[in-house]
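User: I would like to take a close look at one part of this model. Please explain it in terms that a first-year student can follow.

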Amino acid sequence: MTAQTLFFACCTLLVLLGPCGSAAAAAAAGHHLTLDFDLAGHRLLGTSRLHLEAGTGLRLDCGPLTVTGVSVAPEGDTPPNLAGGASIVLAAAPEARTLTVTWELQTPAEGAADNRIAADGITLAGFWHPKADRDLAFRLETTLPGNFLALAGGRPLSATPAGDLQRLAVELAAAGPHLPFVAGPYTVQSRRVGPTLIETWFFAEDAGLAAGYLASAAAALERFTRLIGPFPVERWAMVENRLPTGYAYPGFTLLGQAVVRLPFIRDTALVHEVAHAWFGTAVQVDPAGGDWAEGLTAYLADHGTAEASGTGPAHRKGLLTRIEAYAHGEQAIPLTAFRGAPNLDSKNRALRAVGYDKGALLFHMLCRRIGERAFVDGLQRLYTEYRDRRAGWPEVTAAFAAEAGKDLRPFFAQWLERTDLPVLAIDKAHLDQREGVTRLRFELVQQTTPPFDLSVPVRVQTLLGATTRQVHTDSVRREVTLEVSGLPTRLTLDADFDLLRRLDPAERPPTWAEFLGGAERSVLLPAAAGRAVFAPLIDTLRAAGCRLVEAETVTGRALASGSWLFLGDSSRRRSLFAAPPAKVDGFSLEVRRSPLDPEAVLVLVDSASADETGQAAPRLEHYGGFSRLHFLAGRNLEKTLAPAADGISLELLAPPAGMPTAAMLDFDRIVDDLAESRVIHLGETHTSYGDHLVQLQILQALHGRGHKLAIGLEMFSRSRQQALDDYIAGRTDERTFLKQSAYHHEWGYDYRLYREILQFARAVRIPLVALNLDPGVSGRVFSDGHTDGLAATERADLPAERDLDLPGYRERIAAAHAAHPAGSGSFSGFLQAQGLWDETMAESVVRALERFPSYTVVVLAGNGHSHKTSGIPPRVARRVPGVEQRVVQVAGAEVTAGEADYLLFAPAIDLEPAPKLGVILTPTGQADGAKGLIVQGFSPHGQAETAGLRRGDRILAVNGMTVREVTDIRIALLDRKAGDTVEIRLRRGEREQSLTMPLTPLPEGSSLPPGHPELKK
């Protein structure tokens, strides 16, 4: 018979022989493979012979192979040889035929696409031979070095010596369309577990690991046999190869050498591969509707191991963290679209997050919904009914539904088809105490549309213990009422991470996976001189699609968008996290939540040498679930996860803190201890006169003991230092000092609160130190969200090292930012402005220590700035390691253990209300440039209008003090009190005149008139 048509286009060789017919009419007898390896040249020459029975056709895909010849017997029906990859399609014919294809496979020396051919071993796990469109039996023959052992489709090849070589062969019945093949200089060790022989095929250099692998595999085999049923094969091997693989096949698992050497693999990935012997190999996946076996295997193996060790909640949180890191946007495919993920590149990480992690949590929720007994029975039914057959999601659903006695299709449908996840929140919580029972009412909110059908674990913590209830919801808002016997202290949703859902921001630890899976990933390159140290990692990051940015070109605005990785030291890194460690031991990687963008992470990488980087870089992909990593000579020494909340939590009624009265110290003992420090931080509530009296008492007590003091003051910017020096030296009076220091412009709080402290310092010549940043600079950083808009001279005056990531700092600043009006500036800008404020004051304190080496520096600053662990003190300690410091807070501030060294109790003393003129004033410079202030309106609480002032009057002087701005009036009234009279000189039209008027206090709790200058302070 002759060929009727030969067509070759679009990489398809179509051979039509005889009349058309169904290509799947009957199975081919088998695929006979003859292999000839060129190990030094990394090449394989192959011949495929396939016998077709009469009436059958065949499609044979050749993929990346180079086809060198195609022939069809009987004799005379041979088309010409063709080169190039092809798909060969034979139409059905009435007689039997034999198709022969010769082909070649060339691999790089290091291997590629799961194929590697080299003198130290062969791995053929990718597309390496022509693939038929149906399951086939195989016969394989080859010749290999005499020290090689070979495995194909889970079966060892029988060997016949031939000098220094050996001829090997194996036959496999119904092995499928694809045949995995491995060979190399293996050392085989074995162990029998019941009727099953388990083996390790390891290279000689790793043979010492075999006993541990055999023990772990035996334990896993016994565990799953009890849970599911008999092990499906009589012989099962763990086979090492030199590619980074982790695949399960009938009869064996193929593990990469680098993977085998990881210390945790025996208890994690190996157990997963053992479980695959039941699901994924014995029960095969119907590819039409998605791969369910990876999720089920991950649940039984990885999650089961974690649950048995008591770390189930942490494991599930890790799954949710990976899902959020990788499966977002277009990467978030439905489970029904998952078809497997053979390796750990960026695309497959997202696929694995869906198929493995999301799938595992689906089965966890299923187990909780139908109960453990029904779940185990469903597993056994699935295995028994579909062993050596294919099953899809419908069959999986039916098996569990049969054992649960309920329709599970709605449950599976929402998790299989949807790509979004539930977002939960608590709203409108309310406590009601009646007859000894507390009723807790709240709304359980789903922020996802449409809402999911969920059973949400709700934990209520009381002083009598914790209780957990399951709350069903299928609506956007579900009102919940719970009765508890004790006073509730905290309400938490899904504290053990039993739901497949989005994590709340407080629950999300920063992880390496979050950077790897980020939509925007940028790498800040080090200076050219230090770049060689990181070259191996730079190559890896470039290949992963990261954007490489030169340090001198990056802006503050850019750093506030997306995730960044900092290689070594740089000024930008120091502006966010201060200085890196002075000495790097090995290689370290630390992931932190970006202080500028809460949805992003920043990664800090340090390395001692290019060799350390080169050894660590290939291993990093295995540690995506951690926040901090440390390697030495390629060996992992540390892998830790940053702390984060467990569950979506709301504090309800926090128990009060206290202290034993016997532990209270008298004032003298406290001062004696404070005197041992170089720096004393005296916190304050700015408007509390009692707090300032306590500060004055401590200053006077220390001075009275003969200590040399310098007082650091938050309320003055460093540019005003000369004004402070002149005042203390007696070169200026108080009024001049207030004007030159711009106190009322830059601080604005009632000067009388600080007056006694400043006058005491002047009287005894205690140096005053201006600590703060120019408020105009911090204000612009707040409004702009970055420092890019500052002048070069302003940026030069900023502290180069700034740490915005001290523990608890972000949370504390967020609470302060929430009190600011909407639209006043972003949180990122506010955080940077506050960080600049704190770092500048810390830098100023250190300068004061240097300027006054034998003095104690006493810092007067707000309670937040004085915070012991996240305010000025740790920033001083970073600059002067080992410096002795003490922190004093005053009762009334929200102080918890560890925030201060001492909590003092201030007297309940208030200043008399400051006297007011009771007028609304506008500087004349805003109108016509003339001197004085123009009266624009009157306070309803004052007597200015009754005394004769009129709208439009220009106030020129108060009690003889010339008035040019509102500050002049404040200074003129310093020593006055409500009820006193003052003389006002004014201009009305073209005529100057004087009048006297009484001063009035602003009534407590009353509002200032709109537009009053006080409203600006």
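Which residues of strand S9 (residues 115-118) point one way and which the other way, and are they buried or exposed?

Analyst: The model is a predicted one. In strand S9, Asn115 and Ile117 point one way, whereas Arg116 and Ala118 point the other way. All four of these residues, Asn115, Arg116, Ile117 and Ala118, are buried. A general rule helps in reading this pattern: side chains in a regular strand alternate between the two faces of the sheet.

The partner of S9 is described next. S9 is joined by four bridges to strand S10 (residues 121-124), and the two strands run antiparallel. Within this pairing, Ala118 of S9 stands opposite Gly121 in S10. Two residues lie between S9 and S10, and together these strands form a hairpin.

Another antiparallel pair can be set beside this one. S21 pairs with strand S22 (residues 252-256) in the antiparallel sense, again over four bridges. Here Ala248 stands opposite Thr253 in S22. Both strands belong to an open sheet of five strands, in the order S18-S19-S20-S22-S21, with mixed pairing. Strand S18 (186-193) and strand S21 (246-249) each have a single partner strand because they stand at the edges, so one side of each has no neighbour in the sheet. On average, neighbouring strands of this sheet are turned by 15° against each other, direction ignored. Helix H1 (residues 210-227) packs on the sheet and touches S18, strand S19 (196-203), strand S20 (235-241) and S22. The direction of H1 makes about 150° with that of S19.

Methods: Residues are numbered from 1 along each chain as its sequence is written. This is a predicted model: local features need pLDDT of at least 70, side-chain atom pairs count only at pLDDT 80 or more; totals for chains, interfaces and linings use all residues. Side-chain values use heavy atoms; hydrogens and water are left out. Two strands pair if DSSP finds at least two bridges between them. Axes are lines fitted to C-alpha atoms, for helices over the stretch in contact, and angles run from 0 to 180 degrees between N-to-C directions. Contact means heavy atoms within 4.5 Å. Buried means under 20% relative accessible area, exposed over 50%, partly exposed in between (1.4 Å probe, protein chains only).
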